[in-house]
Amino acid sequence: MNLVFVISLTFCICTASTAFNIEKRSGWWRNMLFVCALAAGQGLMYWFGSLLGGTFMHRFESFAKVIVLIICFMIAFRMMTDTLKIKSGKNLFLIDKPKQLIILSIALGVNPLIAGLIAGEAFLPLFGKTTPIILMGLSLIWGLIGIGTKFSQTKLLVNSLLNVVAALLILATGIVALI
């Protein structure tokens, strides 16, 4: 279930990298650099979340199962609100400056940051200290899929559907943790 959670958590990289290959002037190496930056952002934000969660989450250990469900619901809700933006094409990001890439990386890293809050043993430790590396690896794979497939309206619909499925899988992880 942990692997499903991490795969679902990193799907946003596929959606964000959808627009990278729209412009023909953007080379493959430039797009790959963008994907690497987004993947690094996923791992770093999870790591920051785990550091932050380590400072105060121990106070909530008696409610660990409920906290995991609440956090999973928060992540799933954020992903569901993004789904409507994906379908309408409002979630396409064309990067021109490094500052835009950094902002996009931080914005996409909010869900891993939230997930990192519950990285403690009493909550949802996932893969322990290797979780940020696994997040980066899976983000890289999703990004390669995103830049490797041709842009179309069908791709946007498939991304919307997969985003809903990913949100439901994250919510299912929270429900399983409660049980």
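Lys and Arg are counted here as positive, Asp and Glu as negative. On that count, the protein chain of this predicted model carries 14 positive and 5 negative charges. The mean positions of the two sets lie 8 Å apart.

The fold is helical. The protein chain has 8 helices and 0 strands. Read from the N terminus, the order of elements is α-α-α-α-α-α-α-α. The radius of gyration is 16 Å, close to the 16 Å that the globule rule gives for 179 residues, so the chain is as compact as a globular protein of that length. Along the principal axes, the C-alpha atoms fill a box of roughly 55 × 25 × 20 Å.

Contacts and surface were examined next. Of the contacts between residues at least 6 apart in sequence, 90% join residues at least 24 apart. Of the 179 residues, 44% count as buried. The accessible surface of the chain comes to about 9300 Å². Carbon and sulfur atoms account for 75% of that surface.

In soluble globular proteins, nonpolar side chains tend to be buried together. In this model, the largest nonpolar core holds 40 residues. Phe-5, Phe-20, Leu-38, Ile-75 and Ile-118 touch the most other members of this core. Two or more core residues come from each of helix 1 (2–9), helix 2 (12–16), helix 3 (28–56), helix 4 (64–88), helix 5 (98–108), helix 6 (110–116), helix 7 (131–148) and helix 8 (153–178). Helix 4 gives the largest share, 8 residues.

Leu-38 shows how separate parts of the sequence meet. Residues up to four places away in sequence are left out of its contact list. Leu-38 then touches Ile-13, Ala-16 and Phe-20. It also touches Leu-101, Leu-104, Ser-105 and Leu-108. One of these partners, Leu-104, lies in helix 5. Its relative accessibility is 6%, and buried means under 20%, so Leu-104 counts as buried. The C-alpha atoms of Leu-104 and Thr-18 are separated by 13 Å, with their positions 86 residues apart along the chain counted as sequence separation.

Helix 8 was followed through two of its residues. Gln-153 is found in this helix. With 49% relative accessibility, Gln-153 counts as partly exposed. Gln-153 and Val-176 are 23 residues apart in sequence, and their C-alpha atoms are 35 Å apart in space. Leu-171 lies in helix 8 as well. Its relative accessible area is 24%; the partly exposed class runs between 20% and 50%, so Leu-171 falls within it. Once residues up to four places away in sequence are set aside, Leu-171 touches Phe-73 and Ala-76. Leu-171 and Phe-5 are 166 residues apart along the chain, yet their C-alpha atoms are separated by 9.0 Å. Phe-5 is among the core residues that touch the most other members.

One loop residue has an unusual backbone angle. Most residues other than glycine have a negative phi. Leu-126 is not a glycine, but its phi is positive, at about 55°. Leu-126 sits in the loop between helix 6 and helix 7. Its relative accessible area is 10%, under the 20% cut-off, so Leu-126 is buried.

Terms used
Residues are numbered from 1 along each chain as its sequence is written. This is a predicted model: local features need pLDDT of at least 70, side-chain atom pairs count only at pLDDT 80 or more; totals for chains, interfaces and linings use all residues. Side-chain values use heavy atoms; hydrogens and water are left out. Helices (H or I, at least four residues) and strands (E, at least two) are DSSP runs, numbered from the N terminus. The radius of gyration is taken over C-alpha atoms; the globule rule is 2.2 Å times the number of residues to the power 0.38. Buried means under 20% relative accessible area, exposed over 50%, partly exposed in between (1.4 Å probe, protein chains only). Contact means heavy atoms within 4.5 Å. Accessible areas come from the Shrake-Rupley method with a 1.4 Å probe; for residues, only the protein chains shown count as cover. The place of a charge is taken as NZ of Lys, CZ of Arg, CG of Asp or CD of Glu. A nonpolar core is a set of buried Ala, Val, Leu, Ile, Met, Phe, Trp, Tyr and Cys residues joined through side-chain atoms within 4.5 Å.
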